[in-house]
Amino acid sequence: MLKNEFEFEYQTKVDGEILLHLYERFGIEKMASMLDGVFAFILLDTANRKVLLGRDTYGVRPLFRLLTDDGFLAVCSEAKGLLDLKTSMSTPAKITAFLPGHFEVFDLKLTGKVESVQMDRFHCCTEEPKHAAYNILEGLGTGFELETVKSNIRILFESAVKKRLMAHRRIGCLLSGGLDSSLVAATLVKLAKEEQLPYPIQTFSIGAEDSPDVAAARKVAAHIGSEHHEVNFTPEEGICALEEVIVHLESYDITTVRASVGDRYVMPSVVWQVAAHIGSEHHEVNFTPEEGICALEEVIVHLESYDITTNACLLSLLNQAPSPKAAAEDSVRLLKELYLFDVLRADRTTAAHGLELRVPFLDHRFTAYYLSLPEEMRVPKDGVEKHLLREAFKGLNLIPDEILWRRKEAFSDGMTSIKKSWYSSLQEHIESEVNDSQLEKASVQFPSNPPTTKEGFFIRQIFEKHYPGRCEWTPHYWMPRWIKATDPSARTLSIYKPNKDQ
């Protein structure tokens with residue numbers, strides 16, 4: 001798109017070449033603001049002796065930096081990749097996540113050391129991205145009349161999926177049977193047929209044999225005609241995977257760890273077992289509902305569609321928010337923190353198995369439009385979360401009606417057996433590993449961000465085993481707002497009732 005718009009002459013077939021042309025013509029800030037996609041870049045401008053870093057709006061692609069007081073700079077896609085670097089400093093240098101939606105400019109000295117001279121934001125989730133001016137979408141209406149809004153949501157969503165069809169490898173989709181992943185999968189299959197892709201779209205789901213998610217995903221796959229695969233999951237497998245998951249995540253946030261092992265709706269895309277299965281037997285580019293707030297989910301969460309927000313597990317707390325305005329403000333906060341929680345787990349659990357994650361629901365134009373809508377339009381209606389999104393696709397037969405209106409559950413209820421959830425199995429295991437005395441002394445052993453539950457203590461122990469003294473990598477625990485909670489699981493909240501009918 002930009003290549004043709006500005007008549008750039010490419011010397012390679014690498015899509016990243018566009019950065020060099022944009023930077024040369026427009027400079028770093030405009031270059032970054034015109035990129036439509038997910039990215040983390042490092043540019044070396046030898047002519048002007050500059051080093052430039054940047055990261056996409058939501059931090060879907062990871063970027064960490066180490067910068068010493070005397071100007072030694074190192075960057076990596078994983079924090080662990082910077083741990084063993086030797087510097088001239090007597091104390092360990094801080095390793096920090098590069099802020100999403102920002103770029104940084106360094107002067108490069110003759111010694112090879114650097115000095116930061118500019119750090120600015122190039123895009124915020126509440127603003128329409130500048131690159132929208134170069135991608136005119138037919139049919140987009142103006143105003144907030146309901147039918148216009150619903151039409152715009154469909155147009156922007158389909159555009160978000162379509163632009164992510166570009167790939168050198170086969171494309172697949174993670175499917176939980178929830179609203180978000182089902183919309184992504186159905187739209188992907190529809191567009192694949194229109195684009196005449198030379199292979200059928202494969203979908204993948206995970207869960208116990210009698211789990212609600214597996215049954216729902218099966219119905220969706222049959223409805224849309226995908227080549228469907230099911231990966232069986234047992235709590236025992238999840239428990240065995242915990243330490244490896246924490247090592248890859250580089251986080252001790254409770255819900256991030258718990259959901260990465262077996263996340264249900266938001267992360268059928270990043271569920272550890274699914275990613276491992278696909279990575280070992282297939283070679284797809286994978287779409288996720290996640291970034292729909294965990295790609296899929298988080299965004300919609302942030303789109304204020306749930307009843308309770310817990311990035312890894314449930315419905316959002318909009319019904320508990322003091323006002324639609326408060327819910328809207330918290331949605332923006334959640335989006336800005338995605339890189340610490342949902343997006344982090346989405347990237348790590350898939351990239352660890354060689355998969356490329358794509359997240360249509362975190363499309364810049366889609367999220368900016370959704371957040372521009374009147375706050376009252378975005379809140380749950382008649383007790384139904386994500387009501388506006390459901391309404392937008394009603395009557396189209398894109399997915400089965402029972403899926404379109406399927407309510408959200410705690411992820412452990414949807415993914416695991418109806419007899420016993422992943423959450424319950426995990427708590428039983430931890431009870432055998434952590435005693436009351438250890439928890440009572442947690443604040444002494446871990447004075448910074450001390451765990452308050454046995455699960456938090458158990459996870460923190462494993463984290464410190466591999467990353468001692470790096471507690472700042474998780475600045476705070478994810479917790480739902482507007483309600484008293486000490487655990488992020490939906491199952492611990494009085495307002496959550498498992499849906500026994502699914």
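This passage walks through a four-stranded sheet and the helix that packs on it.

The model is predicted, so local features need pLDDT of at least 70 and side-chain atom pairs count only at pLDDT 80 or more, whereas totals for chains, interfaces and linings use all residues. Residues are numbered from 1 along each chain as its sequence is written, and side-chain values use heavy atoms, with hydrogens and water left out.

Strands of a sheet pair through backbone hydrogen bonds, either parallel or antiparallel. Here, four strands form an open sheet in the order 1-2-6-7, with antiparallel pairing; strands (E, at least two residues) and helices (H or I, at least four) are DSSP runs numbered from the N terminus, and two strands pair if DSSP finds at least two bridges between them. At the edges lie strand 1 and strand 7 (114–121), each pairing on one side only. From one strand to the next, the twist averages 15 degrees.

Strand 1 (residues 40–45) has two distinct faces. Phe41, Leu43 and Asp45 point to one face and are buried (under 20% relative accessible area, 1.4 Å probe, protein chains only; exposed is over 50% and partly exposed in between). Ala40, Ile42 and Leu44 point to the other face and are not buried.

Strand 1 is joined to strand 2 (residues 50–55) by six bridges, and Phe41 stands opposite Gly54. The two strands form a hairpin with four residues between them, and Arg49 in the turn has a positive phi of about 50 degrees. Five bridges link strand 2 to strand 6 (residues 102–108), with Leu52 and Val105 as bridge partners.

Helix 2 (residues 17–26) packs on the sheet, touching strand 1 and strand 2, where contact means heavy atoms within 4.5 Å. The direction of helix 2 makes about 55 degrees with that of strand 1; axes are lines fitted to C-alpha atoms, for helices over the stretch in contact, and angles run from 0 to 180 degrees between N-to-C directions.
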